Amino acid sequence: MKKYALSVFIFLFFYVIGQSQNLLAEKTDFTRQDTLRGSITPERAWWDLTYYHLDIKVDPDKKFISGKNTIKYKVLEPYQVLQIDLQPPLKITKVLQDGELLEVKHEGNAHFISLQKNQETGTLNTIEVHYKGYPKEAVQAPWDGGISWKKDKDGNHFVTSSCQGLGASVWWPNKDHMYDEVDSMLISVNVPKNLTNVSNGRLRGVEKFDDNTATYHWFVANPINNYGVNINIGDYANFSEVYEGEKGDLDLNYYVLKDNLKKAKKHFKDAPKMMEAFEHWFGPYPFYEDSFKLVEVPYLGMEHQSSVTYGNQYQNGYLGTDLSGTGWGLKFDFIIVHEAGHEWFANNITNRDVADMWLHESFTAYSENLFIDYYYGKEASSEYVIGTRSKIQNDIPIIGSYNVNKTGSGSDIYYKGANILHTLRQLIEDDEKWRQMLRGMNKTFYHQTVTTQQVEDYLCKETGYDLTEFFNQYLRTTQIPTLEYALENKSLKYRWTNTIENFDMPVLITLNNKVQWLFPKAAWKTMNLESENNELQIDPNFYIYSKKI
């Protein structure tokens, strides 16, 4: 009965999430606020982020945040108005530059600061943005975004942030667009003295004060995307280990609720296993300077850079279930593997526009498959990724609309994307070449924001194939190529249907126990056979449909 109830809960959970994501994805009536949030406005384009110091006080009793963000930037070209983003009900109280109070014009989530000092090309300048208020409370974290004001079973405050999609400006003022990552960042968080704050990067120090509060200072040495910044406040216990990685010793730190310390020490063995597998497939962990952390939170989890959050209830699979339906998904903790996979795809390689969010989610969903490949073999990994096809909806294209903060399909950026990549692997044939391509991708785009086109160009170059129509078909339409075929007399007739113009992809088949390539086109092609009794099987590793006629 308990298993049945859990299954119903998970079904309803995915249904609700899928519906909310798809409603967001299908939005077409874009507003000026969408443009201000999703485009590189003139008030953003002229300056380059170099440093943040987010210095805040979190009051869990009042569900209140106050403080300031000191923003350092380089002037790329002269301009006198600067855009900062902060979402109501939070309010900017004042903005200073060189001690002078600046005028701010507010337009929804966007705030336009008139600078008095001449902004000369090449100069480095600083502003201080002070703010306070009651930030939006996350209702269904991490999908809806905001602050989760929870308590643990002992009655201690348990406060966390999550803001992918909605934007980091839901809880702190920043340049809230993916294209410009800050080069480094100091995160200072003042909390009640009986609690610990864990954020990104490495802990520089803790200051304790007479008012029964303490400030935790965390420094991030690497570029970081806005939604990757987080706060996690709770009654934490800490343990750690050192992983001998490709770039030397890597600190793995774990912060869990004190009551969960014993089981965490056992269950988090998947973390070094994950690191070994992903360094093999993708290259060195991208943030050695900032260490790697798993941090327990009261929601499912999120890919916060170097501070990956965990809420999978110390179970294998996804809350104890296998999303692939094959059994392989119960061999590992889904959240540890998936969210940590984002360190390479989302945090190291970051989409420049959220329309290209598939670059984060498709490659990371595919990383689950590669984790299985590393420990259980290629056949097991193929079964897993093929099993996830049951989650594919083909509702709208994977790529969204640009410059308006709109993703494509909220669901298919995961497992449709993973199956696209799995199909591409079959076309390459050489598994070592495929591995080197993935490693090379993380090296080529190391700590960069990128577009889909850049990644397509890279893959075309490395494979030696023109993959233009392959990606146009799979990323920009909901059409799945269908191989129609007929075995007649002593011949095999075949063609592609449900494809875009000029689609050209070979496919592996087994014909009469012989594995061979087939090269369909939109027009019928015929292969002469030796006998009338023929058997044909299509390689299931290709994400296509088939129809015998």
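How much space lies in the second largest pocket? The answer is about 560 Å³. The model on the screen is a predicted one, and this tour begins at that pocket before moving on to strands, a helix and two single residues.

**Stop 1: the second largest pocket**

Select Val297, Pro298, Tyr299, Gly311 and Gln313, which are the closest to the centre of the pocket among the 32 residues that line it. Next, colour helix H1 (2-25) and strand E9 (146-151), the elements that each give two or more residues to the lining. Of the elements, H1 gives the most, with 3 residues. Sorted by class, the lining of this pocket has 16 nonpolar, 7 polar and 9 charged residues.

**Stop 2: strand E8 and its partners**

Now select strand E8, residues 124-133, together with strand E2, residues 64-75. These two strands run antiparallel and are joined by 10 bridges. To see one pair, display Ile71 and its bridge partner in E8, Ile127.

Keep E8 on display and add strand E4, residues 91-97. E4 and E8 also run antiparallel, and 5 bridges join them. Here the residue to display is Val95, whose bridge partner in E8 is Val129.

**Stop 3: the hairpin of E6 and E7**

Move to strand E6 (residues 103-107) and strand E7 (residues 110-114), which pair in the antiparallel sense over 5 bridges. Within this pairing, His106 stands opposite His111 in E7. The hairpin has 2 residues between its strands, and Gly108 there takes a positive phi near 65°.

**Stop 4: strand E13 and Gly205**

Select strand E13, residues 202-208, and find Gly205 in that strand. Is Gly205 buried, partly exposed or exposed? Gly205 counts as partly exposed because its relative accessibility is 23%, and partly exposed residues fall between the cut-offs of 20% and 50%. Leaving aside neighbours within four places in sequence, Gly205 is in contact with Thr215, Tyr216 and His217. A distance can also be drawn from Gly205 to Ser188: their C-alpha atoms are 9.6 Å apart in space, while the two residues are 17 residues apart in sequence.

**Stop 5: helix H5**

Select helix H5, residues 270-282, which has 13 residues. Draw a line from the first C-alpha of H5 to the last: the helix reaches 17 Å, close to the 18 Å expected at 1.5 Å a residue. H5 is mostly covered, since 10 of its 13 residues are buried. Among them are Met274, Met275, Phe278, Trp281 and Phe282. The buried residues of H5 also include Asp270 and Glu279. Just after the helix comes Gly283, which takes a positive phi of about 100°.

**Stop 6: His342**

The last selection is His342, in the loop between helix H6 (334-341) and strand E21 (349-351). Why does His342 count as buried? Its relative accessible area is 0%, and the term applies to any value under 20%. Which residues are in contact with His342, once its neighbours within four places in sequence are left aside? They are Glu303, Asn347, His360, Glu361 and Thr364. Finally, display Phe363, which is 21 residues from His342 along the chain. The C-alpha atoms of Phe363 and His342 are separated by 8.4 Å.

Methods: Residues numbered from 1 in each chain as written. Predicted model: local features only at pLDDT ≥ 70, side-chain atom pairs only at ≥ 80, totals over all residues. Heavy atoms only, no water. Pairing = 2+ DSSP bridges. Helix = DSSP H or I, 4+ residues; strand = E, 2+ residues; numbered from the N terminus. Buried < 20%, exposed > 50% of the residue type's maximum accessible area, 1.4 Å probe, protein only. Contact = heavy atoms within 4.5 Å. Expected span 1.5 Å × (residues − 1). 1 Å grid on protein atoms, 1.4 Å probe; cavity = no way out; pocket = protein on both sides within 12 Å on 5 of 7 lines; lining within 4 Å. Points joined across faces, edges and corners; volume = space filled by probe spheres on them. Nonpolar A, V, L, I, M, F, W, Y, C, P; charged D, E, K, R; others polar.
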